[in-house]
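Me: Could you take a close look at one part of this structure for me, the buried interior with its cysteines and aromatic rings, and take me through it step by step?

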Amino acid sequence: MFRSSKTFRGFSCAHRKWRHAGHCAHVHGYSREFTFWFEARERDVNGFVMEFGALKPLKAWLDSQFDHTLLLDADDPLIPDFRAIEERGGANLNILPDVSCEGTAHFVYEHAARWIHAATEGRVWIVSVECRENENNSAIYAPAARTGAGAGAGAGAGAGAGAEAGAGAGADDGVTAPDATTAAPDAPGAAEGSVSV
């Protein structure tokens with residue numbers, strides 16, 4: 001089994017966790033980054049797990065979601081107020097199921113796992129996605145391994161969500177690695193669900 005990783009940095013965005021009892025309820029910003037761990041049994045003609053030059057559509061999607069956007073939870077009661085600010089040109093809203101790093105890692109994984117599966121015709125899958133908000137704080141989403149004959153691990157096992165993972169947590173994302181041997185216990189992000197580090 002072969003693994004490689006790719007990190008995208010410099011996504012300047014803001015968010016708030018409106019239920020938080022402390023200062024996280026206030027709008028505050030970070031430069032987020034995302035690290036993807038890819039896995040494959042067979043490398044491509046160049047000997048790569050993943051051709052990083054082919055990830056431009058994924059980078060463009062990340063830009064659309066996290067470059068100078070204001071991330072809000074879908075149930076934030078102030079969304080109408082922030083919409084009014086957006087209409088006046090004061091913000092670019094992005095409404096997510098859960099804007100925590102855990103929830104964001106899950107959200108990004110769901111999109112990226114499907115895209116990688118299609119782009120590589122199933123040769124490559126995503127083991128985990130890490131969302132980092134600064135040098136000290138990050139969270140990882142990795143789908144839980146399934147048990148039983150033909151069970152998938154790596155991308156698409158889909159069970160298990162982060163501490164605050166949003167809507168769709170635990171749902172099968174429809175993309176599975178070839179068998180349950182793919183999530184080695186020492187793999188980055190191999191633990192079930194999300195891990196705050």
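Reply: In this predicted model, C131 counts as buried because its relative accessibility is 0%. The cysteine sulfur closest to that of C131 belongs to C101, at 3.8 Å, which is too far for a bond, because a disulfide needs the two sulfur atoms to lie within 2.5 Å. C13 is buried as well, since its relative accessibility is 5%, and for the sulfur of C13 the closest cysteine sulfur is the one in C131, at a distance of 7.7 Å, again too far for a bond. By this rule the structure has zero disulfides.

From C13 we can step to a histidine, because C13 is among the residues that H28 touches once those up to four places away in sequence are left out, the others being A14, H15, R16 and H23. H28 is part of strand β2, and with a relative accessibility of 18% it counts as buried, because the cut-off for that word is under 20%. The side chain of H28 also reaches a backbone oxygen, that of H26, at 2.7 Å.

Strand β2 leads us on to the aromatic rings. A pair of such rings is described by two values, the distance of the centres and the angle of the planes. Over the whole structure, a search finds six aromatic pairs. One of them joins F8 and F36, whose ring centres are 6.0 Å apart and whose planes stand at 80 degrees, so this pair is edge-to-face. It links distant parts of the chain, for F8 lies in strand β1 (residues 2–15) and F36 in strand β2 (residues 28–40), and the two are 28 residues apart. Both F8 and F36 are buried. F36 also pairs with F38, and here the arrangement is stacked, with 6.3 Å from centre to centre and 15 degrees between the planes. The relative accessibility of F36 is 0%, so F36 counts as buried, and F38 counts as buried at 0% too. Through these ring pairs, F8, F36 and F38 are linked into a cluster.

Two of the rings in this model also have a charged residue over the face. K6 lies over the face of F8, at 5.6 Å from the ring centre, while R43 lies over the face of F2, at 4.5 Å from the ring centre.

The last step is to see how the nonpolar residues come together. The largest nonpolar core has 30 residues, and the members that touch the most others are F34, F36, F38, L62, F66, V108 and I126, so F36 and F38 from the ring cluster appear again in this list. Several elements give two or more residues to this core, namely β1, β2, α1 (56–66), α3 (101–119), β5 (124–132) and β6 (138–142). Of these, α3 gives the most, with seven residues. V108 shows what such contacts look like for a single residue, since, leaving aside its neighbours within four places in sequence, V108 is in contact with F34, F36, W61, L62, F66 and V129. Apart from this core lies another, made of six residues, among them A14, L72, I79 and F82; A14 is also one of the residues that H28 touches.

Conventions. Residues are numbered from 1 along each chain as its sequence is written. This is a predicted model: local features need pLDDT of at least 70, side-chain atom pairs count only at pLDDT 80 or more; totals for chains, interfaces and linings use all residues. Side-chain values use heavy atoms; hydrogens and water are left out. Buried means under 20% relative accessible area, exposed over 50%, partly exposed in between (1.4 Å probe, protein chains only). Rings of Phe, Tyr and Trp (its six-membered ring) pair if their centres lie within 6.5 Å; planes under 30 degrees apart count as stacked, over 60 as edge-to-face and the rest as tilted. Helices (H or I, at least four residues) and strands (E, at least two) are DSSP runs, numbered from the N terminus. A charge sits over a ring if NZ of Lys or CZ of Arg is within 6 Å of the ring centre and within 35 degrees of the ring normal. A polar contact is a pair of N or O atoms within 3.5 Å; within protein, one must be able to donate a hydrogen and the other to accept it, and residues adjacent in sequence count only if both atoms are side-chain atoms. Contact means heavy atoms within 4.5 Å. A nonpolar core is a set of buried Ala, Val, Leu, Ile, Met, Phe, Trp, Tyr and Cys residues joined through side-chain atoms within 4.5 Å.
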